[in-house]
Amino acid sequence: MKDADVARFWSKVQKLADDACWPWLGGCHREGYGAFRVDDTTVLTHRIVWTLTHGDIPPGRNVRIRCRNRACCNPGHLFTTPHGKLRASSWAIPLPQAA
């Protein structure tokens, strides 16, 4: 992403306390996930946050939101899981705690 896109992205995040959810203030995907438009492509905001704060998403992994707030952009609330894990039954499985 270009520097202007990064600045525009973070301007739509309400940064609160380190351990609190950081709400996405922009548009949302139909399922409630934050959505951001870059170069004519819509990207889910938790994926952008991961990339900006942790680097590329590891191959074969999904970015998940520990707090289960789909509009949360706090990088401390994100973790990755292998593709195919924690799908249909994910709400019944305890999530890892932040370090």
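## A quick tour of a two-helix, four-strand chain

The protein chain holds two helices and four strands. Keep in mind as you look around that this is a predicted model. Followed along the sequence, the elements come in the order α-β-β-α-β-β. Here is what stands out, topic by topic.

**The chain as a whole**

- Of the chain's 99 residues, 33% count as buried.
- The exposed surface of the protein chain comes to about 6100 Å², and carbon and sulfur atoms supply 52% of that area.
- If you take the contacts between residues at least 6 apart in sequence, 42% of them join residues at least 24 apart.

**The nonpolar core**

- The largest nonpolar core is made up of 16 residues.
- Phe9, Val13, Trp24, Phe36, Cys73 and Leu78 are the members with the most contacts inside this core.
- Strand β1 (35-38), helix α2 (45-54) and strand β3 each supply at least two of the core residues.
- Helix α2 gives the most to this core, contributing three residues.
- Val13 is a good place to zoom in: leaving out residues up to four places away in sequence, Val13 touches Trp22, Pro23, Trp24, Leu25 and Cys73. Two of those names, Trp24 and Cys73, may be familiar from the list of residues with the most contacts inside the core.

**Strands β3 and β4**

- Strand β3 (residues 61-65) and strand β4 run antiparallel, and five bridges join them.
- To find your place in this pairing, start from Asn62, whose bridge partner in β4 is Thr81.
- Is strand β4 (residues 78-82) largely enclosed or largely open, and why? Four of the five residues of β4 are buried, so the strand is largely enclosed by the rest of the structure.
- As background, side chains in a regular strand alternate between the two faces of the sheet.

**Val6 and its surroundings**

- Val6 sits in helix α1, which covers residues 3-10.
- Is Val6 buried or partly exposed? Its relative accessible area is 21%, and because buried means under 20%, Val6 counts as partly exposed.
- Beyond its neighbours within four places in sequence, Val6 is in contact with Met1 and Leu52.
- Ile48 is another residue to look for from here: Val6 and Ile48 are 42 residues apart in sequence, while their C-alpha atoms are 9.3 Å apart in space.

Methods:
Residues numbered from 1 in each chain as written. Predicted model: local features only at pLDDT ≥ 70, side-chain atom pairs only at ≥ 80, totals over all residues. Heavy atoms only, no water. Buried < 20%, exposed > 50% of the residue type's maximum accessible area, 1.4 Å probe, protein only. Contact = heavy atoms within 4.5 Å. Pairing = 2+ DSSP bridges. Core = buried A, V, L, I, M, F, W, Y, C linked by side-chain atoms within 4.5 Å. Areas by Shrake-Rupley, 256 points an atom, 1.4 Å probe, with all protein chains shown as cover.
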